[in-house]
Amino acid sequence: MSEFNQPLSGNEMPRFGGIASLFRLPVQAPNDLDVAIVGVPLDCGTSNRAGSRYGPRQIRAESVLVRPYGMATGAAPFDSFQIADTGDVALNTYNLEKSVALIETHFDSVLAAGPKTLAMGGDHTITLPILRAQAKKHGPLAVIHVDAHADMNDHMFGEPVTHGTIFRRAIEEGLIEPTAMVQIGLRATGYAADDFDWARQRGVRVVTAEECWYQSLAPLLREVREQIGPKRPTYLSFDIDGLDPSVAPGTGTPEPAGLTASQGLEVIRGAYGLNLVGADLVEVSPPYDTTGNTALLAANLLFEMLCSFPGCKRR
Ligand code: MN
Ligand code: MN
């Protein structure tokens, strides 16, 4: 018997049965956990197709197929950490600003209870209040950000906080150390030709999708690990639209010619060895995910994030 929570096995209860918690883990409060899984069903920060409010539920539903051991890495997260699904943030769907405050307060209390956080969106707006809570605890964070978009706009429709402005706000507020931030997968069309430069001018490393085409990202992640170092508190934010719409069509602002699923795995696996203090997976929009494959991929990416938390045992 393991001392830690174990996912309900498909040999104990058929995978299509039981309670649809993430990875079929127990649902419990964040006390006495090493990693708290938190759903954040917010989509009123999105600029195009909505629907990511259904992300946490759909990712939980598809996560029934995820098994406890990573076969390629040998990672055994459920033998390494006490992990549970702590449910969702009770946000105010009529008010984005109030929802952002509610998310921050929620993560303040989760982090005060001790665990690292693994969040499921929801649109990318959720990452700003999470970073505010994480930076209160850890100071300015190193960040690995996978996305088709920089999310560094100054305003959108006059609003300072939206899913496309969060990292600008986070840098302005000192939540992120920009010289320890890397953005991977940026591409497509911008509001202005120099859209990616605001971050570059502050020391952020921007790796466009074109720089990733046709190659393994393992060497890039080796460089990132060297740049950030093993001690600095690091946050991983993964926007599913960083991946190509052929593997992740169920999202609100898809952009052609993105990363492959295996490159996505290489980024997350490459974060092993860093001092990850939290991670999120955002922008899965189930109404546009007709096969469930986007949510299934998201569930697997979340599993890989657990495998990259520091101290995760390898077989
Ligand atoms: Mn984003
Ligand atoms: Mn995006």
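The following exchange concerns two manganese sites and one helix pair in a predicted model.

Colleague: Which residues coordinate the manganese ion (ligand 1)?
Modeller: The donor residues of this ion follow the spacing H-x22-D-x3-D-x87-D along the sequence. Their donor atoms, an ND1 of the histidine and OD atoms of the aspartates, lie at 2.1 to 2.2 Å. The residues are His124, Asp147, Asp151 and Asp239.

Colleague: How many residues apart are His124 and Asp147, which the site of the manganese ion (ligand 1) brings together?
Modeller: Both residues coordinate the manganese ion (ligand 1), and both are buried. His124 sits in the loop between strand 3 (116–121) and helix 3 (127–138), whereas Asp147 sits in the loop between strand 4 (141–146) and helix 4 (166–172). The pair therefore links distant parts of the chain, being 23 residues apart.

Colleague: Which residues donate to the manganese ion (ligand 2)?
Modeller: Along the chain, the donors of this ion show the spacing D-x1-H-x89-D-x1-D. The donor atoms lie 2.1 to 2.4 Å from the ion, with Asp241 listed for two OD entries and the histidine donating through ND1. The residues are Asp147, His149, Asp239 and Asp241.

Colleague: How many residues apart are Asp147 and Asp241, and are they buried or exposed?
Modeller: Asp147 lies in the loop between strand 4 and helix 4, while Asp241 lies in the loop between strand 7 (233–239) and helix 8, 94 residues apart. Buried means under 20% relative accessible area, and the values are 0% for Asp147 and 1% for Asp241. On that cut-off, Asp147 is buried, and Asp241 is likewise buried.

Colleague: How far apart are the manganese ion (ligand 1) and the manganese ion (ligand 2)?
Modeller: Asp147 coordinates both ions, and Asp239 is listed among the donors of ligand 1 and of ligand 2. The ions are 3.2 Å apart.

Colleague: Is helix 8 roughly parallel or roughly antiparallel to helix 9?
Modeller: Helix 8 (residues 261–269) and helix 9 (residues 293–308) pack with their axes 9 Å apart and at an angle of about 25°. Angles under 35 degrees count as roughly parallel, so helix 8 and helix 9 are roughly parallel.

Colleague: How many nonpolar residues are in the contact of helix 8 with helix 9?
Modeller: The crossing of these two helices is right-handed. Helix 8 contributes Ala261, Gly264, Leu265, Ile268 and Arg269, and helix 9 contributes Leu297, Leu301, Glu304, Met305 and Ser308. Besides two polar and two charged residues, the nonpolar ones number six.

Notes. Residues are numbered from 1 along each chain as its sequence is written. Chains are lettered from A and ligands numbered from 1 in the order in which they are written. This is a predicted model: local features need pLDDT of at least 70, side-chain atom pairs count only at pLDDT 80 or more; totals for chains, interfaces and linings use all residues. Side-chain values use heavy atoms; hydrogens and water are left out. Donors are N, O and S atoms within 2.8 Å of the metal (3.2 Å for Na, K and Ca); water is not among the atoms, so sites may look incomplete. Helices (H or I, at least four residues) and strands (E, at least two) are DSSP runs, numbered from the N terminus. Buried means under 20% relative accessible area, exposed over 50%, partly exposed in between (1.4 Å probe, protein chains only). Axes are lines fitted to C-alpha atoms, for helices over the stretch in contact, and angles run from 0 to 180 degrees between N-to-C directions. Angles under 35 degrees count as roughly parallel, over 145 as roughly antiparallel, 65 to 115 as roughly perpendicular and the rest as oblique. A crossing is left-handed if the near helix is turned anticlockwise from the far one by less than a right angle, and right-handed if clockwise. Contact means heavy atoms within 4.5 Å. Ala, Val, Leu, Ile, Met, Phe, Trp, Tyr, Cys and Pro count as nonpolar, Asp, Glu, Lys and Arg as charged, and the others, Gly among them, as polar.
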